[in-house]
Amino acid sequence: MKTISKIFALAGLISLASCNNDDNNGTTTTPGGNTSVIDLKNHSMTPAFVTKQAGFENVEVYSILSSEDALPESPNFVYGSMADGCGLLKNDDGTYTLINNIEADYAIARVTLDATFKPIKGEYILNSDATGNTAQCSGSLATPEEHGYGPIYLSGGEWGAMPTNNVFVVDPYKSADDASVAEILPAMGQWTIENAVPIGKDAFPGKTVVMIGDDSRGDAGGQLAMYVSNTVGDLHGGNLYGLKVGDGSVTDKDLIIGNEYDIEFVQLDQTTYNELNNESIAKGVMAFNRVEDIDYRKGSAAANREIYFNATGHTSNSDTRTKYGRVYKLVLDEGNPLAGKLTLVLDGDDLTSKAKTFHSPDNILVTENYAYIQEDPNGYVDDMVKQHDAYLYQYDLNTGALKVVLESAHRTVEAVDNGYASFDDRWGKWELTGMIDISDIIGEPDTFLLIQQAHSWKDDAFLNPDGAGTAENSRNEGSILLVVKGLAR
């Protein structure tokens, strides 16, 4: 595989996401006038299997790490199956630390990148023994600059062994020797957790507010939860709440695009999985169809109180909940995080709407002016507009315009002939996920990380990369880490 893929990359097939390495001389100047040695280019032997859509031809995409790469300082490290949520830190010596969930290996990896942004070392800092074989899905990095505490990394325990569906908290600089030791946050509850997202410190000064997405479709639905403490950085002693719309009788399908609905977060006394679901039903907490990722708008205290989240949808309960996926805006009251207004802004179930192509919106990243929505298509299609591979969308928060930026491009002759995918792959077999804004961290404007979960690229060399547990509890799917440059913020 490695020899073939080297030939594949050298043959210029990376032009699927065309980028010219000669355009960057390796030295740039940041807005503050500091010299940077960042040199964005392809470092992986695996191509970036995406195609740019109309209007985004000048976007640059670089493939910097994949499951088949060997890093110089840790040649035995494997970038495992279904890489997902991540966070990036700049170190005092000019290098960078990437904390990255490896979902299907139930683990969290740490990747070191040198000052030019080339991955050079990888290791696992939380393994499957520590998580009890619980999938680590989306994750969020809290930092003193943005949140008033940290750096700490919060990771959502979603599927796998119950009852370990908790929020996990990880020191980004913990020793890899302690990978089998985990810390959970019981006060945030046991859900089918996609992500736990601390919102910016200016939104509610003196408080810690964490939004939690419940990726469930059961009787209680997937809920949007909130943890609140009156102490900055306190992740253990606060209270847990669930989103209630109106009097609690409103269903997801009752929501009309553009209408504002009064909401409150009602306190939940339980923290264990079944008890939380029963209490949520009893207290009228809104039942969405799989709440996935959450993010808040950047730029000001008021912006930080503007929360966006996705429900990815499902065929079950689609009479009262979304099937193909929706995006919602939640604006919290300035003086009270437990009150606010909810608005449905994008609806994939409405085939006359601008979001008619939605097929399971999953992860979301919000900047000052845009939301970037990533798809994980579930494979059910009953309309031609849904027959596409995973999209990355750009949603303009000011104008409401929705555009497709990238599409997964794994079902091509080149990808199939080189063993990465199959022509028989269903629509949307590969997933786009884990997008974060790294512009300010690396001093390169309009620059992001984006991950491809390559569900049909399989190799047993990818099994059990954290060295814990057994190969039978792992998956052999590949992952690809991309840098995307040139998207507006």
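Here is a quick tour of two pockets, three strands and one helix. The model is predicted, so keep that in mind as you look around. The largest pocket holds about 1,100 Å³ of space, and the second largest has a volume of about 380 Å³. Beyond the pockets, strands S4 and S24 are each largely enclosed by the rest of the structure, and helix H4 has its buried residues on the same side.

**The largest pocket**

- With about 1,100 Å³ of space, this pocket is lined by 43 residues, and the closest to its centre are Leu141, Glu146, Lys298, Asp437 and Ile441.
- Several elements give two or more residues to the lining, including strand S9 (134-142), helix H3 (144-147), strand S26 (431-437) and helix H7 (439-442).
- Strand S5 (83-90) is also on that list, and S5 gives the largest share of the lining, six residues.
- By class, you get 18 nonpolar, 15 polar and 10 charged residues in this lining.

**The second largest pocket**

- This one comes in at about 380 Å³.
- Its lining has 22 residues, and those nearest the centre are Met82, Glu103, Asp376, Glu431 and His455.
- Strand S10 (152-160), S22 and strand S27 (447-458) are the elements that give two or more residues to this lining.
- Charged residues number 14 here, alongside four nonpolar and four polar ones.

**Strand S4**

- Six of the seven residues of S4 (residues 60-66) are buried, so the strand is largely enclosed by the rest of the structure.
- S4 runs antiparallel to strand S28 (residues 477-485), and six bridges join the two.
- Look for Leu65 in this pairing: it stands opposite Leu481 in S28.

**Helix H4**

- In H4 (residues 273-282), the buried residues are Tyr273, Leu276, Asn277, Glu279 and Ser280.
- They cover an arc of only 165° around the axis, which puts them on the same side of the helix.
- Flip to the other side of H4 and you find Asn274, Asn278 and Ala282 exposed.
- Strand S16 (239-245) and strand S17 (260-268) are among what covers the buried residues of H4.
- Just after the helix comes Gly284, with a positive phi of about 75°.

**Strand S24 and its partners**

- All the way along S24 (residues 391-396), six of six residues are buried, so this strand is largely enclosed by the rest of the structure.
- In a regular strand, side chains alternate between the two faces of the sheet.
- In S24, Tyr391, Tyr393 and Tyr395 point one way, while Leu392, Gln394 and Asp396 point the other way, and all are buried.
- Strand S23 (residues 370-375) runs antiparallel to S24, joined by five bridges, with Tyr370 standing opposite Asp396.
- Strand S25 (residues 402-408) also pairs with S24 in the antiparallel sense, over five bridges, and Val404 in S25 is the bridge partner of Tyr393.
- S24 and S25 form a hairpin with five residues between the strands, where Gly400 takes a positive phi near 85°.

**Val345**

- Val345 sits in strand S21 (residues 336-347).
- Its relative accessible area is 12%, under the 20% cut-off, so Val345 counts as buried.
- Leaving out residues up to four places away in sequence, Val345 touches Ile257, Val327, Tyr328, Lys329 and Tyr395.
- One of those contacts, Tyr395, belongs to S24.
- Val345 and Gly400 are 55 residues apart along the chain, yet their C-alpha atoms are separated by 8.3 Å.

Terms used:
Residues numbered from 1 in each chain as written. Predicted model: local features only at pLDDT ≥ 70, side-chain atom pairs only at ≥ 80, totals over all residues. Heavy atoms only, no water. Buried < 20%, exposed > 50% of the residue type's maximum accessible area, 1.4 Å probe, protein only. Helix = DSSP H or I, 4+ residues; strand = E, 2+ residues; numbered from the N terminus. Pairing = 2+ DSSP bridges. 1 Å grid on protein atoms, 1.4 Å probe; cavity = no way out; pocket = protein on both sides within 12 Å on 5 of 7 lines; lining within 4 Å. Points joined across faces, edges and corners; volume = space filled by probe spheres on them. Nonpolar A, V, L, I, M, F, W, Y, C, P; charged D, E, K, R; others polar. Arc of directions from axis to C-beta. Contact = heavy atoms within 4.5 Å.
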